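Visitor: Please take a close look at one part of this model and walk me through it in a connected account. I would like the side-chain pairings to come at the start, and the packing around that part to follow.

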Amino acid sequence: MAVDMRLPAILKQITLSGSKGAAASLVVPGDVITTDTGFMRGHGTYLDEDKLTASVAGEVERVNKLICVRPLKTRYNGEVGDVVVGRIAEVQQKRWKVETSSRLDSVLLLSSVNLPGGELRRRSAEDELSMRDYLQEGDLISAEVQAVFSDGALSLHTRSLKYGKLGQGVLVQVSPSLVKRQKTHFHNLPCGASIILGNNGYIWLHPTPMQQDEEAGGYYTSTEVGLLVFRAVFVKVKDTTPARRWGCWCLEHSVCKSGGYYTSTEPVALSDREVISRLRNCILALAAHKVMLFDTSVLYCYESSLSHQIKDILKPEVTEEVVLQTRHRLADQEG
């Protein structure tokens, strides 16, 4: 039986400047945030003898006169415009139920998805009968929050070409509070992989596609073989008319123009699989040390881990060293 033995090593001492200000904004239940009566009470706070007190453990956020506490660990509370990655949980009448790590399953209406070839028309009974040909239970999708219902459930849509069914890749689940809100959550990293940072804590890693056709319609399923195959989905096209076929990102422009389905059998390069595996371990290392996740932090962590093997990144001493170097580079960038 193989035994992994590691000797203690001296870690590099890296001091981070400006960390006191970040710690000062963290509170636990019962901490007094302010005694000024001019502030408004937001989520995660309550009034105790004219003192604004925290009711949850988290970070204090101030927006003008509004003070709220953002919990460090909580279920995903969606907002309009958020980018999410979810899994189809159930197919219902004219809608799909999507699991997005929130308190209630999100809803993706049939009228909120792209038709094949980007056709604009009302959904018919044939579209409803063929819903499982488009998305079925277990499929992973990327979508945007369109509305929030009164009970907290989310209404999603995939009308943009950058959203839709996800093909081959790796799903990493972290706390939603660790994903930094940005203008865009779709990034093509210079290391050769792409990342979708879902606001709900679901992060999708996949090889950067060579070409993306605008007629794709956002629904792409790759059956490329490789060590990182997450799920291969085969769609059975019942109707031969081009309007009933779902598009894909493919190398043949004429196929996408007709809304056809393209199946690639080319193997994924070993270098791409190694890059995705390294990125996955870097994200888990950053999440374990409560570092905010965005494209710059992930890329810095990836570059800091190049001196170690992929399987060694999650070892405690290596993880601490890589994360400290990442924090140092982020602190230098902020100035």
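Guide: In this predicted model, a search of the whole structure finds seven salt bridges, and one of them leads directly to the part that I would like to examine, helix H6 (residues 295–304). In that salt bridge the side chains of Glu-303 and Arg-329 meet, with a nitrogen-to-oxygen distance of 2.7 Å. The pair links distant parts of the chain, since Glu-303 belongs to helix H6 and Arg-329 to helix H7 (residues 316–334), and the two residues are 26 apart. Glu-303 has a relative accessibility of 35%, and because that value falls between the limits of 20% and 50%, the residue counts as partly exposed. Arg-329, with a relative accessible area of 32%, is likewise partly exposed.

Some other salt bridges give a context for this pair. Arg-132 and Glu-137 form one in which the closest N and O atoms are 2.7 Å apart; here Arg-132 is partly exposed at a relative accessible area of 47%, and Glu-137 is partly exposed at 31%. Asp-312 is joined to Lys-315 by a salt bridge whose closest N and O atoms lie 2.9 Å apart, and in this case both Asp-312 and Lys-315 are buried. Glu-79, Asp-82 and Arg-181, for their part, are linked in a network of salt bridges.

Returning to H6, one may ask how many of the ten residues of this helix are buried. Eight of them are, so the helix is largely enclosed by the rest of the structure. The buried residues are Thr-296, Ser-297, Val-298, Leu-299, Tyr-300, Cys-301, Tyr-302 and Ser-304, whereas Glu-303, the residue of the salt bridge to Arg-329, is partly exposed. What do the buried residues of H6 pack against? Their partners are strand E16 (193–197) together with helices H5 and H7.

The two helical partners can be taken in turn, beginning with H5. Two packed helices are described by the angle between their axes and the distance between the axes. The axes of H5 (residues 270–288) and H6 come within 9 Å and cross at roughly 110 degrees; because angles from 65 to 115 degrees count as roughly perpendicular, H5 is roughly perpendicular to H6. The crossing of these two helices is right-handed. On the H5 side the contact is made by Val-275, Arg-278, Leu-279, Cys-282, Ile-283 and Leu-286, and on the H6 side by Ser-297, Val-298, Cys-301 and Tyr-302. By character, the residues of this contact divide into eight nonpolar, one polar and one charged.

The packing of H6 on H7 can be set out in a similar way. These helices pack at an angle of about 130 degrees, with their axes 9 Å apart, and that angle makes H6 oblique to H7. The crossing of H6 and H7 is right-handed. From H6, Thr-296, Ser-297, Tyr-300, Cys-301, Glu-303 and Ser-304 take part, and they meet Val-322, Gln-325, Thr-326, Arg-329, Leu-330 and Gln-333 in H7. The residues of this contact divide into four nonpolar, six polar and two charged. Glu-303 and Arg-329 are among the residues in this contact, and their side chains form the salt bridge with which this account of H6 began.

Read side by side, the two residue lists place Ser-297 and Cys-301 of H6 in the contact with H5 and also in the contact with H7. Val-298 and Tyr-302 are listed for the contact with H5, while Thr-296, Tyr-300, Glu-303 and Ser-304 are listed for the contact with H7.

As for the wider setting, the protein chain holds seven helices and 17 strands. Buried residues make up 44% of its 335 residues. Among contacts between residues at least 6 apart in sequence, 65% join residues at least 24 apart.

Technical notes. Residues numbered from 1 in each chain as written. Predicted model: local features only at pLDDT ≥ 70, side-chain atom pairs only at ≥ 80, totals over all residues. Heavy atoms only, no water. Axes fitted to C-alpha atoms, helices over the stretch in contact; angles between N-to-C directions. Helix = DSSP H or I, 4+ residues; strand = E, 2+ residues; numbered from the N terminus. Parallel < 35°, antiparallel > 145°, perpendicular 65-115°, else oblique. Left-handed = near helix turned anticlockwise from the far one by under 90°. Contact = heavy atoms within 4.5 Å. Nonpolar A, V, L, I, M, F, W, Y, C, P; charged D, E, K, R; others polar. Salt bridge = Lys/Arg side-chain N within 4 Å of Asp/Glu carboxyl O. Buried < 20%, exposed > 50% of the residue type's maximum accessible area, 1.4 Å probe, protein only.
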